[in-house]
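User: I have a structure open and want to go through how its helices pack. Can you walk me through it?
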Amino acid sequence: MTVPNPVVGARPISSVRLPGLAVLLVLASAIVMAALVLLPLLVVFHDAFAKGIGKYLDAIRDPDAVSAMKLTLLVAAIAVPLNAAFGIAAAWCIAKFEFRGKGALLTLIDLPFSMSPVVSGLVWVLLFGAQGWFGTWLIDHDIKIIFATTGLVLATILVTFPFVARELIPLMQDQGSDEEAAALTLGAGGFTTFWRITLPNIRWALLYGVLLCNARAMGEFGAVSVVSGHIRGLTTTLPLHVEVLYNDYDFVGAFAAASLLASLGLITLVLKTGLEWRHAGELAANRRH
């Protein structure tokens, strides 16, 4: 480890090296990561296969488990594209334009990060539940939001909508708007400018944000738990299915479902690392040119 000279404007002097401290820090980090991440992950897969591969396959082929997986994918398939569209629009407005309420918009984007997921689900119950603001009207028109897929989608969108925007905003602010202004000056339309200039410049950050948003959407528990009603085979996503099985003392089934979520996390990690490597390589190539 090298400690730079902190004196601004001073002539550079020989750096101080602390190899022993660096080794201790790396070792401490490895121990903490093994205890907090690797060990629980190994326990999940160990208990999932504790009674053999046959029991594991039976658990994930169970109709309720299959329904939970399908519902999880459906909710993510709806929520993630909507959040991606919102993230692009919000980042474009914040990074490229000055307007009143810009600070308020940034605060609203960050709000789900500081708000409990349970509250994020409760908001929709207070609005669309039987005793909520619009509950009577929804009942009269036979429209069901709470304890239905619609409620799960709304809760997931609220929890996950900052991810894409927060990945794009710093990048688009750093890039500025010179290229877009030049394209518009040369006669390009707004859509052409976005498709040919803006989108290629943000594609890796966009994919990274979508990846994180998708992982959170599939793994969300608190918000969807409030609005789901825990109706087996109908409104239980995969995280809720894990809770239901664990409370029923079906530990093999619970850990089998949990292993699917853990696998999703591992796949997300691999894709995230690949995107970071690809993006870093592209930035290095651009600097050389």
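Analyst: What follows covers one helix and its neighbours, in a model that is predicted.

User: Start with H3. What span should H3 have, and how far apart are its end C-alpha atoms?
Analyst: H3 has 34 residues, and at 1.5 Å a residue these should span 50 Å. The end C-alpha atoms are 49 Å apart, which agrees.

User: What sits at the start of H3?
Analyst: There, a side-chain oxygen of Asp-62 comes to within 3.0 Å of the backbone nitrogen of Asp-64.

User: Now H2. At what angle do H2 and H3 pack?
Analyst: About 60°, with the axes 5 Å apart; H2 covers residues 53-61. The two helices are therefore oblique to each other.

User: Which residues meet there?
Analyst: From H2, Ala-59, Ile-60 and Arg-61. From H3, they meet Pro-63, Ala-65, Val-66 and Met-69. The contact of H2 with H3 counts 6 nonpolar residues, no polar ones and 1 charged.

User: Moving along. How do H3 and H7 pack?
Analyst: Their axes are 9 Å apart at an angle of about 50°, with H7 running over residues 149-160. That angle makes H3 oblique to H7. H3 passes H7 in a right-handed crossing.

User: And which side chains should I click on for that contact?
Analyst: On H3, the contact residues are Leu-71, Leu-74, Val-75, Ile-78, Ala-79, Leu-82 and Asn-83. On H7, they are Thr-149, Leu-152, Val-153, Thr-156, Ile-157 and Thr-160. By class, the contact of H3 with H7 has 9 nonpolar, 4 polar and no charged residues.

User: Why do contact residues in a helix tend to be spaced like that?
Analyst: An α-helix has 3.6 residues a turn, so residues three or four places apart point the same way.

User: Last one, H4. Which way does H3 run relative to H4, roughly parallel or roughly antiparallel?
Analyst: The axes of H3 (residues 63-96) and H4 (residues 102-114) come within 11 Å and cross at roughly 150°. That makes H3 roughly antiparallel to H4. H3 passes H4 in a left-handed crossing.

User: What residues make up that contact?
Analyst: Phe-86, Ala-90 and Ile-94 of H3 meet Lys-102, Leu-105, Leu-106 and Ile-109 of H4. Sorted by class, the contact of H3 with H4 has 6 nonpolar residues, no polar ones and 1 charged.

Definitions and conventions: Residues numbered from 1 in each chain as written. Predicted model: local features only at pLDDT ≥ 70, side-chain atom pairs only at ≥ 80, totals over all residues. Heavy atoms only, no water. Axes fitted to C-alpha atoms, helices over the stretch in contact; angles between N-to-C directions. Helix = DSSP H or I, 4+ residues; strand = E, 2+ residues; numbered from the N terminus. Parallel < 35°, antiparallel > 145°, perpendicular 65-115°, else oblique. Left-handed = near helix turned anticlockwise from the far one by under 90°. Contact = heavy atoms within 4.5 Å. Nonpolar A, V, L, I, M, F, W, Y, C, P; charged D, E, K, R; others polar. Expected span 1.5 Å × (residues − 1). Polar contact = N/O pair within 3.5 Å; in protein donor to acceptor, adjacent residues only side chain to side chain.
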